[in-house]
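Visitor: I'm new to this one. Could you walk me through it?

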Amino acid sequence: MTLHKLQRKTLIPAQIAGYALTLFVGVTVVILTFQLYADIRPMLTQQTDVFKAHTVTVSKNVTLFKSANKESVYFDADDLEALQEQPFVKKVSPFISSSFNVSATINLGNGHRMGTDLFFESVPDEYLDVDSEAWQWDSTSDFLPIVIPEDYLSLYNFGFAESQSLPVISERTLSQVAFNIHIEGNGARRTYTSRIVGFSGKINSILVPQSFLAWANRTYGAVAHQRSSRLLVEFTDASDERIPAFFQDSGLNINKTELESSKMVFLFRFALLFVFTIAAIVILLSMAFIVMSLNVIVQKNRDLFLNLYNIGYTPRQISRYYQRVVSLITVVDLFAALSAALWVRQYYVQKLTHVFDLDGTVTPIVVATVILTAILLAAYNILIYRIIRKTVA
Amino acid sequence: MKITLHNLKPQYMSESELAGSDIYLQPNVVFEQGQKYMICAQSGHGKSSLLNFIYGSSRAYDGTIDYGEAVADPFVLRRQTLSYLFQDLCLFPQLTAMENLDLKNSLTHYKSSAELTAMLDALLPADKKSQPVGTLSLGQRQRVAVVRALCQPFRFLMLDEPFSHIDRQNAQAVAQLVMHEVDRQGAALIVTALDAIDLFPFDHVMQL
């Protein structure tokens, strides 16, 4: 094709390479941050933490004086009332703890068993975001669901497993392990099968449904009167500035991890958004770059385009070669960027999958890349035609 | 087919400059298919302008040009009806003579490559065909441009000062080739020049 031979010489390879490179970098990073956010998001939101937001656990400070007088770590009715009267407190719910013996055993196969003594606590069910089907118990049931602190698993994964060269365990894996719970008191004994149905980042306790604990305390419990050393306090707004001062003055201890982790989540989101924005700007710059390059081509070869126009070539025919070249480069580039992003994702999924449950799909970014390709191609094809038509006509 | 000009006047020329013209500012000037027209004028009297107006590459005129039938697409007109030898030739200097012809011919595929070669052979030394046109002499380039103007179907062939850089002997060869193609296509021939040319059997000689 004589026309293509003529037009190929008008291209500026360095500028095309510059476009391809910036577009590749921009799209790869945009896709990757988008995918990373989609993968990590379940961990940032409630799904890992069974507690509702705006809720903290409160306990009394343990001092040397108080440790001699154990009664003073418990909340009495006056304490509860004082808390409830604060304007920023929405609701106060005491923890109930077990007043009977609890132990757990697990069969390791070939006749070996491993066991440990435990305790239970419970909070009102409304504070838990666990799947309500799993979080159910009635007096006829032999299955007892429990929730354990996220920290237990972290302690094992990042401390024990690391030092002993043992495999790390994900929340999902641990949730599938069944074990036995034995409770004993008042001369009676009963065994339940059990599974961990949730992990809490906010409270360091082993939780069971409140209906179970109320019933079990009545049936197996040693003490009729229930006391609470910890409270669950729900705020109207957790960021109210009177909260830290009040708890300081009252000598109460507030679990701050929730406030800290929401700060972390905010920072993480902000960092991802920042990177995403920069990469999006890089994509826009690459587009500006190729459009400028096309303008340079048209300015340098004005006579050539005018001659073609004069001997009967339409602006559409003159544009076609440039439209094809730019389209081809863009498609190949975006495909390469998608491949690179998926490759990097595979790498981080491999690293993280033992610790977190990553079950995000890549469909959204594939679809997003196809849509981005379509938008870019449409924009370039229209723009190239317009530039050339303006030059010759 | 006829092309009729009504009161045509370039916007950049005054009426006094155009006094005595057989074409400009005349109420009814007809160019008819099959006829041969010679248009003479001194330089600066609007010869190229006239052909550009008819070809549609300039619209800086008052008055009207009537092509006798509706022309929706100027590009169809350029490919099927009008062929034009530009005064500044509009060749592509980086391409060879043959490639220049091919670029034009690929719009309509009117000539076979054997026909292109034969036409070029008649006007150009054999060793010049594969050189970039930019390295040829002005006269040789002008001949390449004439051949290119013949590489399409047309009903009007417009040659703007076709022999300005060509010697008498070569001019005869060019005229022969042009006449052959014009007669074969039954087209009109419109030639402009500074002075009357005796190489074509003109039906009309007009002063611009």
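Guide: We can go through the chain contact, then a sheet, then two asparagines. One thing beforehand: this is a predicted model.

Visitor: OK, contact first. How many residues does each chain bring to it?

Guide: Chain B brings 15 residues and chain A brings 11 residues.

Visitor: On the side of chain B, which elements give two or more residues?

Guide: Those are α2 (74-80) and α3 (97-108) of chain B. The largest share of that side comes from α3(B), with 6 residues.

Visitor: And what classes of residue has the side of chain B that touches chain A?

Guide: That side of chain B has 7 nonpolar, 5 charged and 3 polar residues.

Visitor: Now the sheet. What is the strand order in the open sheet of chain B?

Guide: The order is β5-β6-β7-β3-β8, which makes 5 strands with parallel pairing.

Visitor: Which strands stand at the edges?

Guide: β5 (82-85) and β8 (204-207) of chain B do. Each has a single partner strand, so one side of each has no neighbour in the sheet.

Visitor: How are neighbouring strands turned against each other?

Guide: By 15° on average, with direction ignored.

Visitor: Back to β5(B). How many bridges are in its pairing with β6 of chain B?

Guide: There are 4 bridges, in the parallel sense, and β6 of chain B covers residues 156-160. As an example to look up, B:Ser83 has B:Leu157 in β6(B) as its bridge partner.

Visitor: Which strands of the sheet does helix α5 of chain B touch?

Guide: Helix α5 (residues 138-149) of chain B packs on the sheet and touches β5 and β6 of chain B. The direction of α5 makes about 180° with that of β5(B).

Visitor: Different topic, the asparagines. What is the phi of A:Asn186?

Guide: Phi of A:Asn186 is positive, about 50°, although this residue is not a glycine. A:Asn186 lies in the loop between β8 (179-185) and β9 (188-200) of chain A.

Visitor: Is A:Asn186 buried or exposed?

Guide: A:Asn186 counts as exposed, because it has 11 C-beta neighbours inside 10 Å, and the cut-off for exposed is 12 or fewer.

Visitor: And where is B:Asn7?

Guide: B:Asn7 is in strand β1 (residues 2-10) of chain B. Its phi is positive as well, near 50°, and B:Asn7 is not a glycine.

Visitor: Why does B:Asn7 count as partly exposed?

Guide: Because B:Asn7 has 14 C-beta neighbours inside 10 Å. Exposed would take 12 or fewer, and buried 20 or more.

Notes. Residues numbered from 1 in each chain as written. Chains lettered and ligands numbered in written order. Predicted model: local features only at pLDDT ≥ 70, side-chain atom pairs only at ≥ 80, totals over all residues. Contact = placed C-beta atoms within 7 Å. Nonpolar A, V, L, I, M, F, W, Y, C, P; charged D, E, K, R; others polar. Pairing = 2+ DSSP bridges. Axes fitted to C-alpha atoms, helices over the stretch in contact; angles between N-to-C directions.
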